[in-house]
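Q: Could we go through the cysteines and the nonpolar core of this protein? Please keep the answers plain.

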Amino acid sequence: MIPALMPTYSRADLAFTHGQGAWLFTERGERYLDFGAGIATSSLGHNHHGLVAAIATQAARVMHVSNLYRVPEAERLAQRLVDASFADSVFFCNSGAEANEGLVKLIRRAMAQTGRPERYRILCCEGAFHGRTLAMLAATGNAKYLAGFGPAVDGFDQIPFNNLNALRAAITPRTAGILIEPIQGEGGIRVASVEFLHGARAAADEFGLLLGFDEVQCGMGRTGKFFAHEWAGVTPDVLSAAKGIAGGFPMGAILATGSVASHLTPGSHGTTFGGNPLACAAANAVLDVLLAPGFLDSVSAKGRLLAAELDAIVADAPNVFSSRRGMGLMLGLTCVPPAAEIQEAFRAQGLLVVAAGENVLRLIPPLTLTEADILEATARIRAAIAPRRAQAGAAAPCVITSTASVSA
Ligand SMILES: *Cc1c(COP(=O)(O)O)cnc(C)c1O
């Protein structure tokens, strides 16, 4: 019999009643250290006082009025995002997929309005994830996600990630823009090389294309910069944000330079819920934390601590992990056994992580976690893999003995 909740996920048998900081508590009274953060979304952790108070206060004032009226909370939020980024103008929506849809519409519209309507195709990268709407399935290009949903929406071409020659070779007179995740999240914490991002910028400029970055997962402070592309010193023309932007309240945003954003005139794009007072109050509360002096540096410092701990674990347990990837608090462990088995062992030790492509486990905790939380997590990882290390360790003396006898 079909469950009332459509069975689109194979869910872990865990139901959380409440959370505090980086911790979640179940209805059975167990506590879990949350290194998944609702897929890099609960950026301030659980029950964050400022965020909870902002939502409660705004909810009691007014939640929703529609975009037929001015929304002061949205105007303030947009100005703060503009001040903190490359962008001159922002459109608010409700999810990452919706932000990417708008990003692609904006690129196409800019081409059409500058006399190049034949340029409508977007170059996307293999291993990317851009969302689950019909067009974003085609942008993502993953056969597994496309299966059974009819003809893929036209207008998206895939190139190998981090391959600049392939990117340049794929540009045709129909190409309008390039869409890249500076760090692929679902794809397995694959970091775009600085050369690739610079090369994409140069190619866009050379051929008159627009460069879009999907920072739905890697943006909003996750890597220790406001946006991840800042590490590479490359700016896009248009960018999508969502996930962490409102700390768990559903929201997405399209950020663009003035020359691109000016192509969206009244009536050309819209949303009922997007940028409503409640969502904007939540996002403003997130910015209160992210933009506080020193906060992003603290994300970097915590990221370095976690990365160093993970590197030591990888070095100690090469039979369990083959590498550590990522930057800031967007890190991944490449597993040797099936990642699902290691994820299960972590869960048995009360540590939650998220699986990704390439047999990777993602560690994407709240940005507000403490150093003690990090050390607690890495102690739990060590405990979770201890049985596998012991197995490998038991075999090691035999190898050493035989080597010794050969050389003796
Ligand atoms: C999660 C994600 C999306 C889709 O966001 P939704 O809010 O689920 O629609 C798009 N791009 C990236 C990089 C993501 O990680």
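**Cysteines and core**

Q: How many disulfides are there?
A: The count comes to zero disulfides, a disulfide being a pair of cysteine sulfur atoms within 2.5 Å. This is a predicted model, in which local features need pLDDT of at least 70 and side-chain atom pairs count only at pLDDT 80 or more, while totals for chains, interfaces and linings use all residues. Residues are numbered from 1 along each chain as its sequence is written, and side-chain values use heavy atoms, leaving out hydrogens and water.

Q: Why does Cys-93 have no bond?
A: Its closest cysteine sulfur, in Cys-280, is 11 Å away, too far for a bond. Cys-93 is also buried, at 1% relative accessibility (buried means under 20% relative accessible area, exposed over 50%, partly exposed in between, with a 1.4 Å probe and protein chains only).

Q: And Cys-124, buried or exposed?
A: Cys-124 is buried, with a relative accessible area of 0%. The closest cysteine sulfur to that of Cys-124 is in Cys-125, 7.4 Å away, which is too far for a bond.

Q: Changing topic, how many residues has the largest nonpolar core?
A: The largest nonpolar core has 86 residues; such a core is a set of buried Ala, Val, Leu, Ile, Met, Phe, Trp, Tyr and Cys residues joined through side-chain atoms within 4.5 Å. Among those with the most contacts inside it are Leu-81, Ile-180 and Phe-346.

Q: What does Ile-180 contact?
A: Leaving aside neighbours within four places in sequence, Ile-180 is in contact (heavy atoms within 4.5 Å) with residues including Cys-125, Phe-161 and Phe-213.

Q: Which residues are in the second core?
A: That separate core of 24 residues includes Ile-107, Ile-122, Ala-139 and Ala-176.
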